[in-house]
Amino acid sequence: YVCSTWGNNHFKTFDGDIYQFPGICEYNFVSDCQDSYKEFSVHIQRALNSNDHPEIQYILITIKDFTVYLRPKLAVVDGRIVKTPYYSSGVLIESNGIYTKVYAKLGLTLMWNHEDALMVELDSKFNNHTCGLCGDYNGIPIYNEFINGDISYNSITYGNLQKIGNPNTKCEDPDETQALPSCNEHRDECETLLTSSAFADCRLRLNLETYIQACMQDKCACKGEEDSFCLCSTISEYSRQCSHAGGRPGEWRTEYFC
């Protein structure tokens, strides 16, 4: 029931595919796409921060006729800045220094760390009803997301298709012919990090292999620099997803690590 994005351009669809998409425009993250009248939509604007790491600059949530615009430490509802916790029309917004959470009665929960990581949980009544970077939520990985009839998409083509046409902003689509480099190194190191005793309660709750692959991509992209963004974002995501699935990750951060 969970779709997320984090770290070095990683996305995980509701159906469990993990892919990388480096676009820095405004995108449809997830919308209800079955009927002409959308029950909800979540758009994200991505950009590179001062360290050249991808981050979410703002999130625009529409629930029926109600709009919520989120920036780090700022919530705007129907054009008005609001104090949190805020409740109206079946939508609750909570915020602390680290996360903003939005709960909508229609069956949507959103959690954002004000930086790179966003998680959306959707009620199963939206199965097979969604579109966007989160996929179609039909329970079948890859089907319809990256294969449409006889055509197969790579993740960059797929991501570019989710762009929101915004006449006031100029942003370049990432080049679809430049496949992201694959990475076969660092497996042992990533496996050691993600199977440490702190994550003993997570092993049976999540698909470990997908996070190992994401961690390997991060290490390759960092080219050996021990940059905490490269190293920590996928482990942080694994920890968040484990908690979300009912697990109890132990204390894995130390004074010297993340």
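Arg187, Glu191 and Glu209 are linked in a network of salt bridges. The model is a predicted one, and this little network makes a handy way into it. Side chains of opposite charge can pair when their charged atoms come close. One link of the network joins glutamate 191 to arginine 187, with the closest N and O atoms 3.4 Å apart. That fits the rule, because a salt bridge needs the side-chain nitrogen to be within 4 Å of the carboxyl oxygen. The two residues sit four residues apart in helix α2, so about one helical turn separates them. Glutamate 191 is partly exposed, at a relative accessible area of 33%, and arginine 187 also counts as partly exposed, at 29%.

Over the model, the count comes to seven salt bridges. Another of these lies in helix α4, which covers residues 228–244 and holds both arginine 240 and glutamate 237. The pair is three residues apart, again about one turn of the helix, and its closest N and O atoms are 2.9 Å apart. Here, though, both arginine 240 and glutamate 237 are buried.

A further salt bridge turns up away from the helices, between aspartate 173 and lysine 163, where the closest N and O atoms are 3.0 Å apart. Both partners lie in the loop between α1 (155–161) and α2 (187–194), so the pair ties together parts that are 10 residues apart in sequence. Aspartate 173 is partly exposed, with 37% relative accessibility. Lysine 163 is partly exposed too, at 31%.

Aspartate 173 shows up again around asparagine 160, a residue of helix α1. Leaving aside residues up to four places away in sequence, asparagine 160 touches Phe21, Asp173, Pro174 and Glu176. With a relative accessibility of 10%, asparagine 160 counts as buried, because the cut-off for buried is under 20%.

Now for the bigger layout. The domain assignment splits the protein chain into domain 1 (2–161) and domain 2 (184–245). Taken over C-alpha atoms, the centres of the two domains are 22 Å apart. Where they meet, domain 1 puts in 18 residues and domain 2 puts in 14.

The size of an interface is often given as the accessible area lost when the parts come together. For domain 1 and domain 2, that comes to about 1,400 Å², with 61% of it on carbon and sulfur atoms. On the side of domain 1, the residues that lose the most area to domain 2 are Trp6, His53 and Met119, which together make up 35% of what that side buries.

And what kind of polar links cross between the domains? Six residue pairs are in polar contact across the interface of domain 1 and domain 2, while the salt bridge count between the two domains is zero. As for where the touching side of domain 1 comes from, the elements giving two or more residues to it are β1 (2–6), β2 (10–12), β3 (18–20) and β14 (118–122). Strand β1 supplies the largest share, three residues. Sorted by class, this side of domain 1 has eight nonpolar, seven polar and three charged residues.

Note on methods
Residues are numbered from 1 along each chain as its sequence is written. This is a predicted model: local features need pLDDT of at least 70, side-chain atom pairs count only at pLDDT 80 or more; totals for chains, interfaces and linings use all residues. Side-chain values use heavy atoms; hydrogens and water are left out. Buried means under 20% relative accessible area, exposed over 50%, partly exposed in between (1.4 Å probe, protein chains only). Domain bounds come from an automatic or database domain assignment. Contact means heavy atoms within 4.5 Å. Buried area is the accessible area (1.4 Å probe) that two parts lose on being put together, summed over both. A polar contact is a pair of N or O atoms within 3.5 Å; within protein, one must be able to donate a hydrogen and the other to accept it, and residues adjacent in sequence count only if both atoms are side-chain atoms. Ala, Val, Leu, Ile, Met, Phe, Trp, Tyr, Cys and Pro count as nonpolar, Asp, Glu, Lys and Arg as charged, and the others, Gly among them, as polar.
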